[in-house]
Amino acid sequence: MLNLKLALGALAAEIASWSSLWLLRSQSDAALLGYLTAHGLASGLLALCLAPFLATSAKSVRQRLALVVLMGLFAYAVPVAGILGAVVATIALHTQRGPRGGPRFPVMPLPDFDPHQQASTSRRQAGLQSFLANPNVPVASRMRAMVALGSVPGRIASPMLRTALGDSSEDLRLLAYSMLDAKEREISKTIHQELQLFEHARQSEGDEPYGPRGLQAARALTDLYAELVYQGVAQGDVRDHAIKQSLHYCDLVLAQRPDNALLLLRRGRLLHMQGRAVESLACYERSLALGMEPARVVPYQAELLFDRREFAKAQALMRSLDLEQALPRLKPSIRYWSAS
């Protein structure tokens, strides 16, 4: 902001310097010294007056001081034109660069706590993934944080553990690999047990149609193979195999229980993962017709339609959801698609 007192002082000093020119007629050294002194004072006051405008155009205190001194010397060296030039240059520099503050960001409210994302025994540590990936954190601290992932659901822990597989610390990589391997072995062991039960049921009860124990084992197998995919334990070809096996046992149960809405939803998700969009949509619609809650099916339908670039249909589906009854983590998506 312009300092009016400094501006008036600079103007008064400059007028005083020129008003003493009549003394020059006597060719007095004192007259010349008086002019230079008053003119120097005017130049200094002008530079200080322009300093606030130069502050927004400089990156450091030293640079601002250099600009102020430069303006003062320029105004002192070139009478009249120097003063006008310093003012014009300051205004041009200030206008070109503008303020350095930039736009201010609005205050963002904290998200609501989601009780559905709370672990049964402990709560997830905020920023754990960035903490594990930070090489400046001591390895011992990161290893303790990784051990804490043992109580975190597999779907959340697996991506963090896979990220740690590329860490520079060998101890951290080995721990991450052992934890991932333990999760996979635990599910694989249960799958092996259920496969044996399924074979025993087939031998004792026959197949097509399967008996109660056979159907129960097939239902457990489709759940377990789907869990490998859901937790992110299976990757690549192993993931494709798990999807195929889960779909196989899901179809076995649905062949005798075609009105199971939950398994129809499962079948739709598996078909979606395989890229079979038309069959997947049919399963979603069938599960809704059998009474499945729209909040559990519609987001998957909208995701599939979005992948097919049918944005209008995806928006219509998301708008059909009840915002008040939706889960907290789903509400932002509903608000987004309902905004326009």
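Let me begin with a term: a residue is called exposed when its relative accessible area is over 50%, buried when that area is under 20%, and partly exposed in between. Please keep in mind that what we are looking at is a predicted model.

By that cut-off D259, with a relative accessible area of 51%, is exposed, whereas its salt-bridge partner R286, at 38%, counts as partly exposed. The closest N and O atoms of this pair are 2.8 Å apart, and because R286 sits in helix α12 while D259 belongs to the loop between α10 and α11, the bridge ties together parts that lie 27 residues apart in sequence.

A second pair, E199 and R202, also forms a salt bridge, with 3.7 Å between the closest N and O atoms; here the partners are 3 residues apart within helix α8, and so they are separated by about one helical turn. E199 is partly exposed at 36%, and R202 is partly exposed at 32%.

In a third pair, E310 meets K313 at 3.5 Å, N to O, where E310 is partly exposed at 23% and K313 is exposed at 52%. Beyond these pairs, R219, D223 and R266 are linked in a network, and the count of salt bridges comes to 11.

Finally, let me turn to helix packing. Helices α6 and α8 pack at an angle of about 5°, with their axes 10 Å apart, and they are therefore roughly parallel to each other. The contact involves R142, M143, M146 and V147 from α6, together with D171, L172, L175, A176 and M179 from α8, and by class it has 7 nonpolar residues, 2 charged residues and no polar ones.

Notes: Residues numbered from 1 in each chain as written. Predicted model: local features only at pLDDT ≥ 70, side-chain atom pairs only at ≥ 80, totals over all residues. Heavy atoms only, no water. Axes fitted to C-alpha atoms, helices over the stretch in contact; angles between N-to-C directions. Helix = DSSP H or I, 4+ residues; strand = E, 2+ residues; numbered from the N terminus. Parallel < 35°, antiparallel > 145°, perpendicular 65-115°, else oblique. Contact = heavy atoms within 4.5 Å. Nonpolar A, V, L, I, M, F, W, Y, C, P; charged D, E, K, R; others polar. Salt bridge = Lys/Arg side-chain N within 4 Å of Asp/Glu carboxyl O. Buried < 20%, exposed > 50% of the residue type's maximum accessible area, 1.4 Å probe, protein only.
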